[in-house]
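I opened the model to look up two things, an enclosed space and the pairing of some strands, and I note below what I found.

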Amino acid sequence: MADTEFQLNDAVTVETKGGGIEKGKVAYLGPVQFAGGNDWIGIILTGPSEGKGKNNGTVKDVKYFETYHNNGMFVRSSNVKKNAKASMSKVEELRLRRAQNS
């Protein structure tokens, strides 16, 4: 894993392949069946990044976490950084809770 140890629900920023930056919360840590390595992080996107993902936490019929359509993504830990300001707005927090409970 990268220099930083991540925990579930950590607020993070993700550097995407296209050079973009997305905001989210850690929803999964560890190996996945669709690719090698054990440094994968599942992200639930938040705020202005909502809906810019590639999945709902399920990939190739394996559920790693749960969120709504196109609001989740998996990235290598080297592309993820903890937010210095880990706080979320109340609206972002409510949306995350709703997505995790649906």
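Before naming elements, I fixed the terms: helices (H or I, at least four residues) and strands (E, at least two) are DSSP runs, numbered from the N terminus. I keep in mind that this is a predicted model, in which local features need pLDDT of at least 70, side-chain atom pairs count only at pLDDT 80 or more, and totals for chains, interfaces and linings use all residues. Residues are numbered from 1 along each chain as its sequence is written, and side-chain values use heavy atoms, with hydrogens and water left out.

Entry on cavities. I took a cavity as a set of points, on a 1 Å grid over the protein atoms alone, where a 1.4 Å probe fits but cannot get out, with lining residues having an atom within 4 Å of a point; grid points are joined across faces, edges and corners, and a volume is the space filled by probe spheres set on the points. I found 2 cavities of 30 Å³ or more, and the second largest has a volume of about 30 Å³. Its lining includes I44, L45, E92 and R95. Both β3 (35-45) and α1 (90-101) supply at least two residues of this lining, and the largest share, 4 residues, comes from α1.

Entry on strands. I counted two strands as paired if DSSP finds at least two bridges between them. Strand β1 (residues 11-15) runs antiparallel to β2 (residues 21-32), joined by 5 bridges, and antiparallel to β7 (residues 80-82), joined by 3 bridges. I followed V12 to both sides: its bridge partner in β2 is G24, while in β7 it stands opposite K82.

Definitions and conventions:
On a 1 Å grid over the protein atoms alone, a cavity is a set of points where a 1.4 Å probe fits but cannot get out, and a pocket is an open set with protein on both sides within 12 Å along at least five of seven lines; lining residues have an atom within 4 Å of a point.
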